[in-house]
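Here is a walk through one small set of coordinates, starting with the overall fold and ending with a few individual side chains. Keep the viewer open and follow along.

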Amino acid sequence: MSNRYKNLSRLSNGELQDLVLDITKALGANPRRASALAKDPEKLKSIITAMDDKEIDALIQKAGAEKAKEIYKALERQRRNG
């Protein structure tokens with residue numbers, strides 16, 4: 001993982017859960033499925049740390065331009081607050 005996203009792996013479990021819920025909300029995901037995804041922050045951290053910037057950006061871009069913009073906003077809010 002590069003410098004751009006390295007702080008994601010340093011989030012507390014609660015912070016990571018909040019970020020995942022914020023992102024999945026921007027994507028319009030089913031709240032139950034989003035909650036299930038957020039319940040295992042250690043697994044999320046291991047997935048995130050195994051990815052590089054290009055992989056993370058490609059995943060975000062799959063959401064489409066408008067939703068990707070919302071995801072980047074959520075990540076920026078986390079950076080400012082963290």
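What follows goes from the whole chain down to its charged pairs and a few single residues. One thing to keep in mind from the start: this is a predicted model.

Let's begin with the fold. The chain has five helices and zero strands, so reading from the N terminus you simply get α-α-α-α-α. How compact is the chain for its length? The radius of gyration is 12 Å, close to the 12 Å that the globule rule gives for 82 residues, so the chain is as compact as a globular protein of that length. If you prefer a box, the C-alpha trace spans about 30 × 25 × 25 Å along its principal axes.

Now for the contacts and the surface. Take the contacts between residues at least 6 apart in sequence: 66% of them join residues at least 24 apart. Buried residues account for 29% of the 82 in the chain. The accessible surface adds up to about 5,500 Å², and carbon and sulfur atoms own 51% of that.

Charges come next. The chain carries 17 positive and 12 negative charges, and the mean positions of the two sets are 3 Å apart. Side chains of opposite charge can pair when their charged atoms come close. How many salt bridges does the structure hold? The count is four, and a good one to look at is the pair formed by Arg77 and Asp22, whose side chains meet at 2.6 Å, N to O. Arg77 sits in helix 5 and Asp22 in helix 1 (residues 13-27), so this pair ties together parts that are 55 residues apart in sequence. Neither end is hidden away: Arg77 is partly exposed with a relative accessible area of 31%, and Asp22 is partly exposed at 28%.

Stay with Arg77 for a moment, since another residue of interest lies in its surroundings. Helix 5, where you find Arg77, covers residues 65-81. From the C-alpha of Arg77 to that of Leu19 is 9.2 Å in space, although the two residues are 58 apart in sequence.

Helix 5 has salt bridges within itself as well. Glu70 and Lys73 meet in one, at 3.6 Å from N to O. These two are three residues apart in helix 5, which means about one helical turn separates them. Glu70 is partly exposed, with a relative accessible area of 28%, and Lys73 is also partly exposed, at 38%.

Further along, Arg79 forms a salt bridge with Glu76, with the closest N and O atoms 3.2 Å apart. Here too the partners are three residues apart in helix 5, and about one helical turn lies between them. Both count as partly exposed, Arg79 at 33% relative accessibility and Glu76 at 33%. This pair is part of something wider: salt bridges that share partners join Glu76, Arg79 and Arg80 into one network.

Then there is a charged residue without a partner. Lys45, in helix 3 (residues 41-50), is buried yet has no salt bridge. Which side chain of opposite charge is nearest to Lys45? That is Glu42, 4.0 Å away. Leaving aside residues up to four places away in sequence, Lys45 touches Ser9, Leu11, Ser12, Asn13 and Leu16.

Two more buried residues round off the tour. Going on from helix 3, you come to Met51 in the loop between helix 3 and helix 4. Met51 counts as buried because its relative accessibility is 17%, below the cut-off of 20%. Its C-alpha lies 9.4 Å from that of Tyr5, with the two positions 46 residues apart in sequence numbering.

Asp53 is in helix 4 (residues 53-61). Is this acidic residue buried or exposed? At 17% relative accessibility, Asp53 counts as buried. For a longer distance to try in the viewer, go from the C-alpha of Asp53 to that of Gly14: the separation is 23 Å, for residues 39 apart along the chain.

Terms used. Residues are numbered from 1 along each chain as its sequence is written. This is a predicted model: local features need pLDDT of at least 70, side-chain atom pairs count only at pLDDT 80 or more; totals for chains, interfaces and linings use all residues. Side-chain values use heavy atoms; hydrogens and water are left out. Helices (H or I, at least four residues) and strands (E, at least two) are DSSP runs, numbered from the N terminus. The radius of gyration is taken over C-alpha atoms; the globule rule is 2.2 Å times the number of residues to the power 0.38. Buried means under 20% relative accessible area, exposed over 50%, partly exposed in between (1.4 Å probe, protein chains only). Contact means heavy atoms within 4.5 Å. Accessible areas come from the Shrake-Rupley method with a 1.4 Å probe; for residues, only the protein chains shown count as cover. Lys and Arg count as positive and Asp and Glu as negative; His and the chain ends are not counted. The place of a charge is taken as NZ of Lys, CZ of Arg, CG of Asp or CD of Glu.
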